[in-house]
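The following note sets out points for a colleague who is reviewing the model. The points concern packing, helix contacts, aromatic pairs and backbone geometry.

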Amino acid sequence: MSSFFHTDTSAEKSSSLLAQAEIDALLQAVNEQITLHTFDFNDQQILQRMVQGLADPRGSVRSQVAEILGEIGEAATPLLINAVANHPDPVMRRSAAKALTLIADPAAIPTLLQAVLQDEDATVRGSAMGALARIGEASVPYLLAILESPDYPESTKGYAAWALASIGPEATDQVYRTLSSESVDVRCAGVGAIARIAKERAEERAFRVLITTLTDPDPVVRTVAVAALGQLRYKPAVPHLILALQDIDGEVRKAVVSALGRIGERTALVHLTALLNDEVDAVQQLVVLAIAQIETHSETPLD
């Protein structure tokens with residue numbers, strides 16, 4: 001009996017090694033054909049075998065398959081869409097989503113969106129959102145729809161905000177329009193995307209819009225805008241941040257104090273000192289830290 005089971009296990013191992021050898025040979029052949037410009041992009045059989053390679057147990061091989069499919073491009077999109085939507089193995093769905101990230105074909109948006117909203121595997125959902133971010137401007141309306149909806153959890157909205165920020169510099173008009181939305185979640189995500197534009201492009205309009213957002217009617221949006229200006233260390237914002245020290249919301253004041261400390265301008269010291277008696281204890285504590293930061297940044301200590 002033991003001999004029988006041993007033989008069966010050996011056969012399975014041999015079959016697995018054979019399958020791995022076959023995918024290795026396929027990858028080598030396809031790589032050579034792509035290099036020589038002889039690859040047949042209409043060969044569905046080869047494409048299907050390549051997509052099947054995304055389920056290989058070796059992570060390095062799955063990555064290599066995804067990279068080659070990325071080079072093949074849109075010819076592989078339909079098969080990858082089918083894999084993301086229907087394959088029972090989450091490893092395959094993850095790998096297919098990553099391959100679609102490299103291809104960045106807008107035709108995949110509906111399937112990727114469905115995966116983001118419905119797939120049971122968190123990594124698949126994250127990979128699908130990464131693909132939407134890579135596709136770029138065409139994904140923006142769908143991301144905004146997620147942010148606007150009350151039906152999705154904060155984790156999903158967080159993914160969407162991250163994707164919108166990633167896309168920001170290539171979809172500036174759509175991003176700037178987010179600040180006129182009635183949705184707080186959309187405006188917050190828009191601030192994050194505008195901060196990305198300011199960081200990557202040093203676009204003056206982006207900085208001006210962030211400053212304008214310091215007067216947004218919602219304190220959450222104001223807090224996000226303050227934090228963005230602090231992270232950007234945008235010194236022309238200091239007078240506006242000083243005014244924001246009078247914000248009625250304690251969370252906003254905390255964010256302003258931290259931002260001023262991060263920027264490090266001595267002109268803020270007298271205004272920060274006035275908040276040492278703020279009604280919110282946390283604000284007082286942050287003021288002490290901010291003053292210390294500014295003094296550290298300055299050439300001479302505070303008298």
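1. Arg 233 sits in the loop between H13 and H14. Although this residue is not a glycine, its phi is positive, at about 50 degrees. Arg 233 is partly exposed, with a relative accessible area of 47%. The model is a predicted one, and this backbone value should be read with that in mind.

2. A positive phi is also found at Ala 104, near 55 degrees, again in a residue other than glycine. Ala 104 belongs to the loop between H5 and H6. With a relative accessible area of 22%, Ala 104 is partly exposed, since the buried class ends under 20%.

3. The loop that holds Arg 233 also contributes to an aromatic pair. Tyr 234 lies in the loop between helix H13 (219–232) and helix H14 (238–244), while Phe 207 lies in helix H12 (residues 204–212). How far apart are the ring centres of Phe 207 and Tyr 234, and at what angle are their planes? The centres are 4.1 Å apart and the planes are at 15 degrees, so the pair is stacked. The pair therefore ties together parts that are 27 residues apart in sequence. Both partners are buried: Phe 207 has a relative accessible area of 9%, and Tyr 234 has one of 13%.

4. The count of aromatic pairs comes to two. Besides the stacked pair of Phe 207 and Tyr 234, there is an edge-to-face pair formed by Phe 39 and Phe 41, with 5.1 Å from centre to centre and 85 degrees between the planes. Phe 39 counts as buried at 8% relative accessibility, whereas Phe 41 is partly exposed at 39%.

5. Phe 207 also takes part in the contact between H11 and H12. The axes of these two helices come within 8 Å and cross at roughly 145 degrees, and the crossing is left-handed. On the H11 side the contact is made by Val 191, Ile 194, Ala 195, Ile 197 and Ala 198; on the H12 side, by Ala 206, Phe 207, Val 209 and Leu 210. By class, this contact has nine nonpolar, no polar and no charged residues.

6. H11 also packs against helix H9 (residues 154–167), at an angle of about 35 degrees and with the axes 8 Å apart. The crossing of H9 and H11 is right-handed. Lys 157, Ala 161, Leu 164, Ala 165 and Ser 166 of H9 meet Asp 185, Ala 189, Gly 190, Gly 192, Ala 193 and Arg 196 of H11. The residues of this contact divide into five nonpolar, three polar and three charged, in contrast to the contact of H11 with H12, which has no polar and no charged residues.

7. The largest nonpolar core has 97 residues, of which Leu 69, Leu 80, Leu 241 and Leu 272 touch the most other members. Helix H11 (residues 184–201) gives the most to this core, with nine residues. Beyond residues up to four places away in sequence, Leu 272 touches Leu 245, Val 257, Leu 260, Val 287, Ala 290, Ile 291 and Ile 294. In soluble globular proteins, nonpolar side chains tend to be buried together.

8. In helix H6 (residues 109–118), the buried residues are Ile 109, Thr 111, Leu 112, Leu 113, Ala 115 and Val 116. Their cover includes helix H4 (77–86), helix H5 (90–103), H7, H8 and H9. Leu 112 is buried, with a relative accessible area of 0%. Outside its neighbours within four places in sequence, Leu 112 contacts Leu 100, Ala 128, Ala 131, Leu 132 and Ile 135. The C-alpha atom of Leu 112 is separated by 48 Å from that of Asp 278, which is 166 residues away along the chain.

9. Two buried polar residues deserve a check. Ser 139, in the loop between helix H7 (122–135) and helix H8 (140–148), is buried with a relative accessible area of 1%. Leaving aside neighbours within four places in sequence, Ser 139 is in contact with Ile 109, Leu 132 and Ile 167. Gln 20, in helix H1 (residues 2–35), has a relative accessible area of 18% and is buried, because the class covers values under 20%. With the same neighbours left aside, Gln 20 is in contact with Asp 56, Pro 57 and Arg 58.

Note on methods:
Residues are numbered from 1 along each chain as its sequence is written. This is a predicted model: local features need pLDDT of at least 70, side-chain atom pairs count only at pLDDT 80 or more; totals for chains, interfaces and linings use all residues. Side-chain values use heavy atoms; hydrogens and water are left out. A nonpolar core is a set of buried Ala, Val, Leu, Ile, Met, Phe, Trp, Tyr and Cys residues joined through side-chain atoms within 4.5 Å. Buried means under 20% relative accessible area, exposed over 50%, partly exposed in between (1.4 Å probe, protein chains only). Helices (H or I, at least four residues) and strands (E, at least two) are DSSP runs, numbered from the N terminus. Contact means heavy atoms within 4.5 Å. Axes are lines fitted to C-alpha atoms, for helices over the stretch in contact, and angles run from 0 to 180 degrees between N-to-C directions. A crossing is left-handed if the near helix is turned anticlockwise from the far one by less than a right angle, and right-handed if clockwise. Ala, Val, Leu, Ile, Met, Phe, Trp, Tyr, Cys and Pro count as nonpolar, Asp, Glu, Lys and Arg as charged, and the others, Gly among them, as polar. Rings of Phe, Tyr and Trp (its six-membered ring) pair if their centres lie within 6.5 Å; planes under 30 degrees apart count as stacked, over 60 as edge-to-face and the rest as tilted.
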